[in-house]
Structures are given as C-alpha cells and as structure tokens.
Amino acid sequence: MQTKVAAVKCDNYEARAVEQAVRNSLSLLGGISVFIKPGSKVLVKPNLLLPKGPEYAITTHPQVLRAVIKMLKEQGCKIIVGDGPSVWGHYIQNVDEVYAGTGIKQVCQDEGVELVRFDKRRMRQKFPLTTYLDECDHLVSLPKFKTHEMTLITGAVKNLFGLVSGTFKTELHKNYFVPEEFSKILVDIYAEAKPSLTIIDGILAMEGDGPATGGTPRHLGLLLAGADCVALDTVMARIMGVNPLEVLTIKEAARRKLGESDFSKIRIEGEDLNQLKIRPFILPKNSTRLTNLPPLVQKMFKSLVRYYPYSLPLKCTHCGHCVKVCPKQCIAFKRRGIIIDYKKCIACFCCQESCPEAAIGVKKSLLAKLIGL
Ligand code: SF4
Ligand code: SF4
C-alpha cells in the first residue's frame with residue numbers, strides 16, 4: 001500500500017483552528033482509530049528543547065498538544081505526556097522549568113492529563129529509553145518543523161532522541177559526534193521506538209541556525225501527519241528545498257528499509273505542495289551538505305571546512321547550561337561569557353542547542369568563508 005502523509009494548512013495557533021487542522025489531517029488518513037486503539041494507553045511526546053515560549057518556534061506549540069489530547073480523549077485513551085529535553089543536564093528538576101516555560105504544563109493541567117519526567121529507563125540496544133515506552137500501547141510524536149545544525153532537519157526521526165534519558169544524551173553526543181554516526185544512532189532509536197502516529201507542527205517553523213535560539217522563526221502555516229517518520233521527513237525536506245537523501249537520517253533509514261524516502265512514492269493527502277510555492281528554507285551554516293561527494297573528498301574537505309562555537313559575552317547570563325551539557329567538559333566561565341577549550345571541542349554544538357540566550361554563535365574556518373558555506 002502507498003505511504004500516505006497528510007499536509008493541512010493552518011494559519012495560526014488559535015485553539016479552534018489548530019484543533020480543526022489536526023482533525024482534518026487525521027480524517028484524510030482514515031481517522032485516528034487507524035493509528036490508535038480506542039481505550040489504549042498513549043505516551044505523547046512533544047519536542048521540548050528549552051524553557052522558551054512558543055513564539056520562539058523552538059518547541060511544539062501547546063495548542064497542537066491540546067488538540068491531540070482532545071482527540072485521544074474521545075477515543076477513551078489514558079494519556080501521558082513527557083519529553084527528555086537537553087537542558088536536563090545533570091538536574092532532572094530542569095525538566096519542570098521546561099514544561100512550565102513552553103506552556104505544556106498549563107495544557108496538561110487544563111486537560112487533566114499526567115505530565116511525567118523520563119526518570120526511569122530501560123537499556124534497549126545501546127541506549128536507555130524511558131520505561132514509559134514499555135508501559136504504553138502507543139507513542140504519539142509531535143515534532144517541530146525546524147532546521148538543525150548537525151542533522152540538517154529536526155523532524156519526525158530526530159524528535160525521538162528525547163526518549164533517551166537526559167544525561168545519557170550527552171554521552172551519545174560525545175561518542176557519536178560525527179554527523180553520519182549520530183544519524184545512525186537516531187535511526188537506531190527510531191527502529192526501536194516507532195511512533196504509531198506523528199504530527200509535525202510547522203505552523204510557525206524555523207530556518208537558519210536551528211534548532212534552538214540561533215534559528216529564525218518562519219511562518220509556514222502547515223501541519224504534516226502520518227505514521228511513517230521517514231516519509232514525513234522526506235516530505236519536510238522537500239518543502240524546505242532540500243534533497244531528502246542529503247538528510248543523513250533519511251539516507252540511513254532508507255538503507256535499512258525503515259520507511260519511504262522516495263518522494264514520488266509518497267501520496268500527499270490534503271494540500272498540493274506544488275501549488276503552495278514555498279520559498280526554500282535558509283539552512284544552517286554548519287551543514288556542509290557533502291553527502292554526495294566521494295568519502296575521501298568529504299574527509300579532506302571536512303578537515304579544512306570547520307565550524308566552532310564561540311561565546312557572545314554580552315548576551316551570556318552565566319546560567320551554566322552549556323557548561324553542564326558539554327560532553328567534553330571544555331567550557332569554563334570567564335568574567336564575562338564563557339571560554340571554550342578548542343583543543344578538546346568536538347563541535348557537537350550541544351552548548352549552542354542548550355543556550356537559552358542565543359549567547360553562543362557559530363564561527364567558520366577561513367576556507368568555509370572563502371567558498372561561501
Ligand atoms: S564546547 Fe560546545 S561544541 Fe564543543 S564539545 Fe562542548 S558542547 Fe560540544
Ligand atoms: S553561553 Fe548561554 S548557556 Fe552558556 S552560560 Fe552563557 S547564557 Fe548560559
């Protein structure tokens with residue numbers, strides 16, 4: 001059967017408009033019961049990176065969560081909401097700050113559903129995933145439509161990284177800092193924890209140096225829904241103006257036959273994407289998009305075209321998030337801002353991703369500047 005992805009327009013986050021768009025997207029795919037068994041226990045996982053309000057386009061909008069909760073309630077489901085944001089670092093209490101700051105806590109309170117911390121985990125293959133996956137019959141994933149400086153896009157597959165317990169995420173970044181290797185880990189997690197349903201919040205999307213405070217919010221006015229995360233990311237990449245096979249997670253998932261990566265074989269229900277005439281997204285400076293070059297050329301090129309994080313001291317509040325998440329422990333405070341030990345830095349950009357103040361920029365090597373990357 002042909003893989004389907006629903007694409008539905010939604011211009012703003014007014015509660016009724018979002019609810020209608022979520023309902024439309026699921027009816028185009030045959031209704032919610034195609035994906036979720038009535039009366040089942042469901043874990044809903046939004047993308048919650050930082051304690052920032054929805055206007056920053058960093059996190060899944062609370063109204064998207066609310067609409068999904070309403071539909072699950074109508075199915076008589078028991079609902080649990082949770083995520084493992086990267087600011088968790090060594091302090092799980094930080095998660096509560098993220099839940100409050102993103103507006104997710106308020107929605108869960110209003111709707112009377114349980115909001116949990118991913119504090120218990122079970123080793124699955126190479127990584128510990130939240131035990132809520134074991135307890136629930138279904139996972140519903142609610143990613144944000146964003147660029148990502150390491151994986152090019154943050155979509156359906158990447159959102160599942162938050163199922164890994166907080167401190168271990170830092171370990172994975174440390175051990176798999178090469179984008180190709182990190183993408184394989186993301187695909188391992190997808191293979192292990194395939195969501196029954198994914199709805200991508202692309203009403204206010206992000207372009208530029210995503211996925212956090214370095215990116216630029218951009219109105220897109222779209223929701224994407226489906227069960228196949230590879231197909232969803234393929235559609236998302238096409239909307240952004242990127243060849244899907246340049247996205248390493250899509251390439252790896254396609255190699256393992258975990259989903260549909262051929263855009264021509266995906267049936268889009270709802271909007272005709274060609275008619276929407278979407279301007280290509282501005283991509284992160286850090287994405288060198290070298291995947292089509294021979295490996296030896298890639299290696300030589302990468303050794304000369306480099307990117308580094310750097311401190312913007314005037315914006316830094318000395319909150320310490322970057323210091324805690326750095327897998328190489330190569331960040332220290334100085335009187336103003338931070339200092340990075342570049343001899344140890346592996347350019348994983350966890351620091352930039354976790355900075356709530358956009359106080360970490362990306363510096364390019366001379367060759368990267370010369371060739372306009
Ligand atoms: S300084 Fe930033 S980019 Fe470098 S290793 Fe630490 S977290 Fe990663
Ligand atoms: S650079 Fe950002 S994350 Fe690091 S201490 Fe300063 S404000 Fe906090």
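## Strands S2 and S3

Start with Lys 41: its opposite number in S3 is Lys 78. Those two lysines belong to a parallel pair, strand S2 (residues 41-46) and strand S3 (residues 78-83), joined by four bridges. Keep in mind that this is a predicted model.

Helix H2 (residues 62-74) packs on the sheet here, and its direction makes about 155° with that of S3. Besides S3, H2 touches S2, strand S7 (138-142), S10 and S11.

## The whole sheet

Zooming out, S2 and S3 sit in an open sheet of eight strands with mixed pairing. Reading across, the order goes S4-S3-S2-S7-S10-S11-S1-S12. At the edges are strand S4 (114-117) and strand S12 (266-270), each of which pairs on one side only. From one strand to the next, the twist averages 30°.

Helix H1 (residues 15-28) also lies across some of these strands: strand S1 (3-9), strand S10 (197-208), strand S11 (215-226) and S12. Relative to S1, H1 runs at about 155°.

## Two nonpolar cores

In soluble globular proteins, nonpolar side chains tend to be buried together. Here the largest nonpolar core has 53 residues. Which residues have the most contacts inside it? They are Leu 43, Leu 129, Phe 145, Leu 163, Ile 189, Leu 224 and Ile 239. Helix H8 (residues 229-240) gives the most to this core, with nine residues.

Leu 129 is worth a click. Skip its neighbours within four places in sequence, and its contacts are Lys 120, Arg 121, Arg 122, Arg 124, Leu 163, Val 164, Ile 189, Glu 192 and Ala 193. Two of the names in that list, Leu 163 and Ile 189, also turn up among the core residues with the most contacts. Another core, of 41 residues, lies apart from the largest one; its members include Val 8, Leu 48, Ile 104 and Leu 223.

## Helix H9

What is buried in helix H9 (residues 248-255)? Leu 248, Thr 249, Ile 250, Glu 252 and Ala 253 are, so to speak, the inside crowd. Their cover includes helix H7 (179-192) and H8, the latter being the helix that gives the most to the largest core. Just after H9, Lys 257 takes a positive phi of about 55°.

## Around ligand 1

Finally, the ligand. Ligand 1 is surrounded by 13 residues, and the closest are Cys 326, Cys 345, Cys 348, Phe 349 and Cys 351. How does that shell divide into nonpolar, polar and charged residues? The split is 13 nonpolar, no polar and no charged.

How values were computed. Residues numbered from 1 in each chain as written. Chains lettered and ligands numbered in written order. Predicted model: local features only at pLDDT ≥ 70, side-chain atom pairs only at ≥ 80, totals over all residues. Heavy atoms only, no water. Pairing = 2+ DSSP bridges. Axes fitted to C-alpha atoms, helices over the stretch in contact; angles between N-to-C directions. Contact = heavy atoms within 4.5 Å. Core = buried A, V, L, I, M, F, W, Y, C linked by side-chain atoms within 4.5 Å. Buried < 20%, exposed > 50% of the residue type's maximum accessible area, 1.4 Å probe, protein only. Near = heavy atom within 4 Å. Nonpolar A, V, L, I, M, F, W, Y, C, P; charged D, E, K, R; others polar.
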